[in-house]
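Work through the exercises below with the model open. Try each task before reading its solution.

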Amino acid sequence: RRDVLVLTPWLAPIVWEGTFNRDILNAQYKQKNLVTGVVTFALKTYWFFIEGFMSSANKYFLAGHQVNFYLFTDNPEHISHLQMAPENQLFVIPVWNHSQWQDISISHMGIISRYIRSQFQYEVDYLYSIDINVQLFEHIGVEIIDTLVGTISSWQYTTRRERKSYETRTESQAAIPKGEGDFYYTAGFYGGSVAEVYKLTRACFKGVMKDRENGIEARWHDESHLNRYLLYHKPTRLLSPEYYWDEEL
Amino acid sequence: ILGNGKVHYLPYYLPCPKIFSMKLQYTEEKLIQLFPQLFYQQPRVLAPKRQDVLTVTPWLAPIVWEGTFNSEILDSAYRPLNLTIGVTAFAIGKYTRFVGHFLESAEKHFMKGYRVNYYIFTDNPETIPDVQLQPGRRFVVVPIKKYPSWQEISMRRMEAINKHIAETSHQEVDYLFCLDIDMVFYNAWGPETLGDIVAAIHPGYFNVPRSQFPYERRSSSAAYIPDGTGDFYYGGAVFGGLVKKVYEFTKACHMTILTDKANGIMAAWQEESHLNRHFLSHKPSKVLSPEYLWDDRKPKPPEIHLIRFSTVAKNYKEIRN
């Protein structure tokens, strides 16, 4: 791939189709006997996406490797019998209902960090948070596995940093000062080692809570906090917009 | 059944049980905590700085070329970790004449602003010149015995480095680079080179198909690499990484070297062949471009923007005698 950036200025690879050989990576991953977790939320009307997400992810996400799916939902009754691949497991975790959409998205980080501490850290080595309203059409494999991974948003990968959707109001914990910013990362797909994801979700949640105390709400909620975190704790690997392509584009 | 006719071997049948049974206590790995606030040009997703060369391996390890990294960003993240970088270099027999120039140039260009320990392995400690070092940097002379042939000397490096890590440096350094002494630094060599397992592409073979790589091609050797396989041809003059990884890797290479000895065969390019064999099955986590391992006798091609570390012209016949 000569047309795109495949390495960040801090030497983290940016994963695009054509840059890697999945067979080599599979061989390396298999040697280490790892378990990867996927965390996703299906709250309120989002229960509708469960079937589509789970059947495609079960088929295409790290196929052939052990994956634990953690599905947070306020509608556990809506889970029809989902057939899981033999290496995969599905854990349905019921959660409280929130009145506002904002409220729902804001507490994701808090929920994830809490569950990592109490449960996930003992069950998985790597953990990825993926939006439920996506369907996988192609294999997503072990090329995504690294210590701290962010995905470049398909909306903003060409814009200049001044025009990216960073939070700019300095009163918010998610604020990114003018003249700074590497990429705009999407909150729809991020992850890494369970320890790093814990640090990330905890830091973002603290930012969210602090903002709430100060009566401010970041422009793109969780995603604004994520972007600030990943500016000062740079990812060790980036996924190209191929990995989270918004159909609306 | 001596593989090479002219070369005579010292019989050495048993691996060193003393080293191989040691359990080392390494200092805890220092990981990057934070990238401090810094102002720099925005990276552009559709505008890669280097379009003329491969900058990522198929197993997603970076290949470090000028233009692919920002030293300021890397320094800002690595300097606060208070790392100590070790360097091993072997100056045996007449090779001690290279030490002065090597160290002087390293003081100018190698890991500036970091703590550095130079470990100079030599059979002739009195001939090592006293070089003025910057603060935070020191050099240690490691006496070793001299073997009769230059090939033997070259191949014993793996064992010597391994032994030295076990006895000394595993507690003293975080990262270790093993470099040839008959070389000089011409440009910056910084934290862009740090990684778990680091290898460098040989300057003579970065532009040729792998069928032409001088891998060991005899299947009776433990360094054998069959036709149609191989990623790169790595140079034996530069390798490194976390001290723990260098320990494992030098041990593995020494074992395969001993295996060949027991079978009366010597690999085509001595320990470089074994290094290549090892890196084929245990791929490096970072690869350095030939900027980091150049040969001054070669004309500089357009892909090489900067020569950082290169050979010193010498008369091989005279010096290896």
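**Exercise 1. The interface**

Task: Find how many residues each chain gives to the contact between chain A and chain B, then describe that interface.

Solution. This is a predicted model. Start with the count: chain A brings 39 residues to the contact, and chain B brings 36 residues. Next, the area. Together the two chains bury about 3200 Å², with 61% of it on carbon and sulfur atoms. On the chain A side, R2(A), P9(A) and L11(A) supply 19% of the area buried against chain B, more than any other three residues.

Now the pairings. Salt bridges between chain A and chain B number zero. Polar contacts do occur: eight residue pairs across the interface, both residues at pLDDT 80 or more.

Then the elements. Helices α1 (22-31) and α5 (222-232) of chain A each supply at least two residues of the side that touches chain B. α1(A) gives the most to that side, with three residues. By class, the side of chain A that touches chain B holds 19 nonpolar, nine polar and 11 charged residues.

**Exercise 2. The annotated site in chain B**

Task: State which residues of chain B carry the UniProt feature "binding site" (unreviewed entry). Then place A91(B) and D182(B).

Solution. The UniProt record gives F90(B), A91(B), I92(B), Y95(B), D180(B), I181(B) and D182(B). These positions spread over 93 residues of sequence, yet they cluster in space, with a largest C-alpha distance of 11.2 Å.

Take A91(B). A91(B) sits in strand β2 (residues 84-91) of chain B. Its relative accessibility is 0%, so A91(B) counts as buried. Beyond its neighbours within four places in sequence, A91(B) is in contact with T96(B), V99(B), I120(B), F121(B), T122(B), D123(B) and I181(B).

Take D182(B). D182(B) lies in the loop between β5 (175-179) and β6 (183-185) of chain B. D182(B) is buried because its relative accessible area is 8%, under the 20% cut-off. Leaving aside neighbours within four places in sequence, its contacts include Y95(B), F98(B) and K314(B).

**Exercise 3. A helix in chain B**

Task: Which residues of helix α3 (residues 99-109) of chain B are buried, and what do they pack against?

Solution. The buried residues are V99(B), G100(B), F102(B), L103(B), S105(B), A106(B) and E107(B). They pack against β2, β3 (115-122), β4 (137-143), β5, β6 and β10 (309-311) of chain B. To read the pattern, recall that an α-helix has 3.6 residues a turn, so residues three or four places apart point the same way. Last, look past the helix: M111(B) follows α3(B) and has a positive phi, near 45°.

**Exercise 4. Two glutamates in chain A**

Task: Is E223(A) buried or exposed? Ask the same of E167(A), and find what each side chain reaches.

Solution. Begin with E223(A). UniProt lists E223(A) and D246(A) for "binding site" (unreviewed entry). E223(A) is in helix α5 of chain A. Its relative accessible area is 17%, so E223(A) is buried. Its side chain reaches the backbone nitrogen of A187(A) at 2.9 Å. Apart from neighbours within four places in sequence, E223(A) is in contact with Y184(A), Y185(A), T186(A) and A187(A).

Turn to E167(A). E167(A) is in the loop between β6 (148-152) and β7 (185-193) of chain A. At 2% relative accessibility, E167(A) is buried. Its side chain reaches the backbone nitrogen of R169(A) at 2.9 Å. Contacts beyond four places in sequence include S172(A), E217(A), R219(A) and S224(A).

Methods
Residues numbered from 1 in each chain as written. Chains lettered and ligands numbered in written order. Predicted model: local features only at pLDDT ≥ 70, side-chain atom pairs only at ≥ 80, totals over all residues. Heavy atoms only, no water. UniProt positions renumbered as here; feature names shortened; annotations may be inferred. Helix = DSSP H or I, 4+ residues; strand = E, 2+ residues; numbered from the N terminus. Buried < 20%, exposed > 50% of the residue type's maximum accessible area, 1.4 Å probe, protein only. Contact = heavy atoms within 4.5 Å. Buried area = accessible area lost by both parts, 1.4 Å probe. Salt bridge = Lys/Arg side-chain N within 4 Å of Asp/Glu carboxyl O. Polar contact = N/O pair within 3.5 Å; in protein donor to acceptor, adjacent residues only side chain to side chain. Nonpolar A, V, L, I, M, F, W, Y, C, P; charged D, E, K, R; others polar.
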